[in-house]
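This report looks at aromatic contacts, a helix packing and a loop residue. Please consult the sequence and the model shown here while reading.

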Amino acid sequence: MTESHPAVSGTSDPTSTSDALRSAVEAAFPATIADLTRLVKIPSVSWAAFDEAHVEASAEAVAELVRGLGVFDLVEIRRAAIGEGDGAGEGTEAALGKPAVVARRAARNGRPTVLLYAHHDVQPPGEDADWESAPFEPTLRGDRLYGRGAADDKAGVMAHIGAIRALTEVLGTDFDLGIALFIEGEEESGSLSFANFLHENRELLEADAIVVADSGNWDLETPALTVALRGAVAFRMRVSTLAHASHSGMFGGAVPDAMLAAIQLLATLHDEDGSVAVAGLTSADLETPAYDEAQLRAETGLLDGVSPIGRGEILSRIWAQPAITVTGIDAPSVANASNTLVPSVAVRVSARVAPGQRDVDALVAIRSHLEARAPFGAKLEFDAVELGNPFLVDTSGWAVAESNAAMAEAWGKEPVEIGVGGSIPFIAELVAEFPAAQILVTGVEDPDSRAHSPNESLHLGVFQRALLSEALFLARLDARSEDS
C-alpha cells in the first residue's frame with residue numbers, strides 16, 4: 001500500500017480541487033435530478049410477468065447518459081446467457097438475461113482502475129392505492145423524491161454518472177484513472193445471468209477496486225460503508241394433503257386440508273419470541289452501534305402494542321442472525337373462498353443467512369427442518385430455489401481508507417461501518433471472478449427510503465452528499481502514486 005499524492009492531477013492544492021468538485025456537484029445537481037426523474041419514469045421491472053421492453057428502454061436511456069460523459073472508450077449494451085439451473089426454464093435453450101450497460105476507459109501512468117456498479121431495473125410497484133403518488137411519476141415532496149427506483153437503484157446509477165460529470169468538469173476528460181462501468185438490468189429478479197456476464201466480460205470489467213452503489217447510510221447526516229451483508233435463501237414449497245378438493249362440511253374434521261398442514265408447519269420455523277428455530281442456522285459475532293427499540297419503531301412503522309421479535313441486540317438480530325419470512329401464499333382468496341378443503345397450498349419462503357454461513361448449508365438446514373416436521377404426513381415439494389452467499393468486507397485495504405476519507409470530507413462527519421440485513425448475492429460472484437479487487441458497498445439510501453415498499457423515496461440531501469463522496473473518491477484514486 002502507498003500513500004496518495006497530496007494533489008490531484010496537476011493541481012498543487014487538494015483543497016481547491018475538493019472545493020471545485022463540491023461546486024461542480026452543486027451546479028449540476030438540478031440536471032442530475034432531471035436525469036434521475038427521466039429514468040424513474042421508465043417502469044423497468046425485470047420480473048418475468050412484466051414487459052421487458054421497459055427494461056430495454058431503461059438500458060438505452062442509461063447508455064445514452066454514459067455516452068454523453070465523453071470519457072469512455074467503449075459503451076455498449078450487452079447480455080449473457082442465464083446459467084444452467086438459474087431459471088432458464090425447461091426446454092429453453094440459451095435464454096438470455098436482461099440488458100446491462102457496460103463501459104470502460106483504460107488507466108494510464110500506473111493509476112488504478114475502479115469498477116462502478118449499480119442496477120437500472122426495479123421492483124414491481126405493488127398496488128397503486130398504497131402509493132401517495134403514482135409509482136412511476138416521480139414526485140418531489142419536501143426534501144424527498146418519491147417513485148419506484150428513485151432510491152433503489154436508479155439514484156445509484158446517477159451517483160456514478162454525476163460523480164464522473166463532476167470529475168470531468170474539474171479535471172477534464174484527460175485524467176489517468178481507469179473506470180469501468182457495469183449497470184445491471186436484473187438485480188431485482190435474481191441476477192440470473194450475473195456469473196456468466198462477469199466471465200464473458202472479465203477483461204472489460206476487471207478492476208483494482210469495485211464500488212457497489214446499492215446500500216444505504218446510517219441516517220440523514222451520517223454516511224456509512226456497508227461491511228456485512230446477510231446471504232439469502234428462497235424457495236417455493238408446495239404442501240399437499242388431498243388428491244382433490246372436498247366439501248368441508250362433508251369431510252371437515254376427519255381429513256387435514258393443506259392450509260391446516262401449511263400453517264402448522266410454518267409455525268415450527270420460529271420460537272414463541274419470534275427467533276428462528278431451525279437447527280443448523282448460525283449467527284455471526286459482529287459489533288453493533290447503539291440502536292434502541294424506539295428507533296426501530298420509528299423506522300419500521302411497528303404498530304403500538306406490537307412487540308419486536310428475536311433475542312439479543314436489535315442490530316445483531318438484523319445484521320448477524322438468520323431470519324425467515326413467508327413472503328407469499330398461493331391459496332384461494334377470501335373473495336373466492338368456498339366451503340372446501342383445500343388440497344394443496346404453495347408458499348414462498350425467504351430466509352436471510354448470517355455472515356459466515358454458506359447459502360447451500362442454510363438451505364439444507366431449513367429444508368431438513370420442514371421435511372422432518374410435515375404434519376399429518378403432508379407431502380412437500382420444493383422448487384424455484386434462489387441462493388446468495390453472505391459477505392464480509394476486508395476493511396484493511398487502501399480503497400476503504402480512500403472511501404472513508406472521501407465520505408468524511410463530503411458529509412462533514414466520519415462514516416460508520418454498518419451491516420445490512422438485506423442481501424446482495426452477486427457480491428460473492430464478484431469476489432470469485434475478481435479475487436484481488438477491493439469491494440466497497442456504498443449507497444444513497446437512508447432509513448426512511450423504503451426500498452421495495454410503497455412510497456419509496458430518495459432524500460436529496462443524502463443523495464447530493466453521496467454523489468460528492470464518490471466524486472472525491474474518484475479524484476483521490478486519480479491522484480494515487482504509480483506504485484500503488
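How many aromatic pairs does the count come to? In this predicted model, the count comes to nine aromatic pairs.

## Aromatic contacts

One of these pairs is formed by Tyr 117 and Phe 194, whose arrangement is edge-to-face, with 6.3 Å from centre to centre and 70 degrees between the planes. The pair links distant parts of the chain, since Tyr 117 belongs to strand S3 (residues 113-119) and Phe 194 to helix H4, with their positions 77 residues apart. Both Tyr 117 and Phe 194 are buried.

Tyr 117 and Phe 194 also belong to one aromatic cluster, in which they are joined by Phe 182, Phe 197 and Phe 426.

## Packing of H11 and H13

The axes of helix H11 (residues 398-411) and helix H13 (residues 460-478) come within 8 Å and cross at roughly 135 degrees, which makes H11 oblique to H13. The crossing in which H11 passes H13 is right-handed.

Residues of H11 that take part in the contact include Trp 398, Glu 402, Met 407 and Trp 411, while those of H13 include Arg 465, Leu 472, Phe 473 and Arg 476. By character, the residues of the contact of H11 with H13 divide into 13 nonpolar, two polar and four charged.

## The loop residue Gly 190

Gly 190 is found in the loop between strand S6 (178-184) and helix H4 (194-200), and Gly 190 is partly exposed because its relative accessible area, 38%, lies between the limits of 20% and 50%. The C-alpha atoms of Gly 190 and Ala 451 are separated by 16 Å, although these residues are 261 residues apart along the chain.

Note on methods: Residues are numbered from 1 along each chain as its sequence is written. This is a predicted model: local features need pLDDT of at least 70, side-chain atom pairs count only at pLDDT 80 or more; totals for chains, interfaces and linings use all residues. Side-chain values use heavy atoms; hydrogens and water are left out. Helices (H or I, at least four residues) and strands (E, at least two) are DSSP runs, numbered from the N terminus. Buried means under 20% relative accessible area, exposed over 50%, partly exposed in between (1.4 Å probe, protein chains only). Axes are lines fitted to C-alpha atoms, for helices over the stretch in contact, and angles run from 0 to 180 degrees between N-to-C directions. Angles under 35 degrees count as roughly parallel, over 145 as roughly antiparallel, 65 to 115 as roughly perpendicular and the rest as oblique. A crossing is left-handed if the near helix is turned anticlockwise from the far one by less than a right angle, and right-handed if clockwise. Contact means heavy atoms within 4.5 Å. Ala, Val, Leu, Ile, Met, Phe, Trp, Tyr, Cys and Pro count as nonpolar, Asp, Glu, Lys and Arg as charged, and the others, Gly among them, as polar. Rings of Phe, Tyr and Trp (its six-membered ring) pair if their centres lie within 6.5 Å; planes under 30 degrees apart count as stacked, over 60 as edge-to-face and the rest as tilted.
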